[in-house]
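Dear colleague,

Please find below the sequence and structure that I am handing over to you. My notes on selected residues follow.

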Amino acid sequence: MARPDSDLLTVIQERLRPFPRDHFLSVTDLNAQTARELLDLADGFVELNQGSAKSLDLMAGRTVVNLFFENSTRTSASFEIAARRLGADVISLSPRASSVAKGETLIDTAATLNAMKPDILVVRHSASGAADLLSQKVGCAVVNAGDGRHEHPTQALLDLLTLKREFGDVGGLTVAICGDVAHSRVARSNVALLSMMGARVRLVGPPTLVPGDADRWGCEVFHDMRQGLEGCDVVMMLRLQLERMQGALVPSTREYYRFWGLDREKLKVAAPGVRVMHPGPMNRGVEIDSDIADDPVISLIQTQVEMGVSARMAVLAGLSLRREGAGL
């Protein structure tokens, strides 16, 4: 088996730091300095992943459990690939289709897994605070892969990595996060992390889909799409989450696209060189036009997917090193 370039291995080793907390539950577990260190490490993993030899032994002997109570092929696969490339043993579980359907509670599941002595538990759950609750009940590190409407910190980290590699620095960028902000954990994590790193963040969406307290998030709030996009360097579209909505918050998907869907006409008012992002999965023709989503210059959507593996490798490697330092 081919080995990664020795110079690249040295760079990765030099950049590797213990994760600043025992768990990664929220963007607030980072500060500007630790976020930069994670991004530098993730940059090294990008180079590794773009080469022919992608495997390391940084987590040899470690066990990572992916515990997804909600479906998410993209995030689950990203974490699994990240852990395997670091040399860890990986188990992926979907409790919603097995034990939970038989009446097992989240606490029961935590106790069962804890008895198996995993090192890192990656959890996604429909209830806000579920990852935090699990972290109090298990002896391993917990990574929040999305909890209800609360947070999705590794998505924000990979988005930041994408922007860093595209622009060099996010400080001073104007980023418009558009669409269904009210139901989006991605929006909440990105607002916190982008603001921490010096970006100017705008929230753009219909009044029914922007939280009433959004003006206290430290962002500008716009209810007119063209006004919100004017002069923006980055437009981050959000999925219209119809499955989380209670009541008629939008008249129809056709009307939503007319006023809030991203097309060439609305994008004209953004800054020259604007880039478009979307955490996926996309509703084409609802929140974004396929012509923009597939544009090889404007769209960073596929780059986000690629960066997801590297960003999550940085998180897993950092947590593993912290546990090693604690003798765990």
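**Annotated binding-site residues and Glu 70**

Thr 75 lies in helix 3. Please bear in mind throughout that the model is a predicted one.

Thr 75 has a relative accessible area of 5% and is therefore buried, the limit for that class being under 20%. Leaving aside residues up to four places away in sequence, Thr 75 touches Phe 68, Arg 124, Ala 145, His 152 and Arg 312.

Two of these neighbours, Arg 124 and His 152, also appear in the UniProt record, an unreviewed entry, which places the feature "binding site" at Arg 74, Thr 75, Arg 124, His 152, Gln 155, Gly 280 and Pro 281. The lining of the largest pocket includes Arg 74, Thr 75, Arg 124, His 152, Gln 155, Gly 280 and Pro 281.

Gly 280, another of the annotated positions, is placed in the loop between strand 9 (275–277) and helix 11 (290–293). Its relative accessible area is 22%, so Gly 280 counts as partly exposed, a class that runs between 20% and 50%.

I also looked at Glu 70, which is found in the loop that links strand 1 (63–68) and helix 3 (73–85). Is Glu 70 buried or exposed? Glu 70 is buried, because its relative accessible area of 15% falls under 20%. The side chain of Glu 70 is joined to that of Arg 185 by a polar contact of 3.0 Å.

With kind regards

Conventions
Residues numbered from 1 in each chain as written. Predicted model: local features only at pLDDT ≥ 70, side-chain atom pairs only at ≥ 80, totals over all residues. Heavy atoms only, no water. Helix = DSSP H or I, 4+ residues; strand = E, 2+ residues; numbered from the N terminus. Buried < 20%, exposed > 50% of the residue type's maximum accessible area, 1.4 Å probe, protein only. Polar contact = N/O pair within 3.5 Å; in protein donor to acceptor, adjacent residues only side chain to side chain. UniProt positions renumbered as here; feature names shortened; annotations may be inferred. 1 Å grid on protein atoms, 1.4 Å probe; cavity = no way out; pocket = protein on both sides within 12 Å on 5 of 7 lines; lining within 4 Å. Contact = heavy atoms within 4.5 Å.
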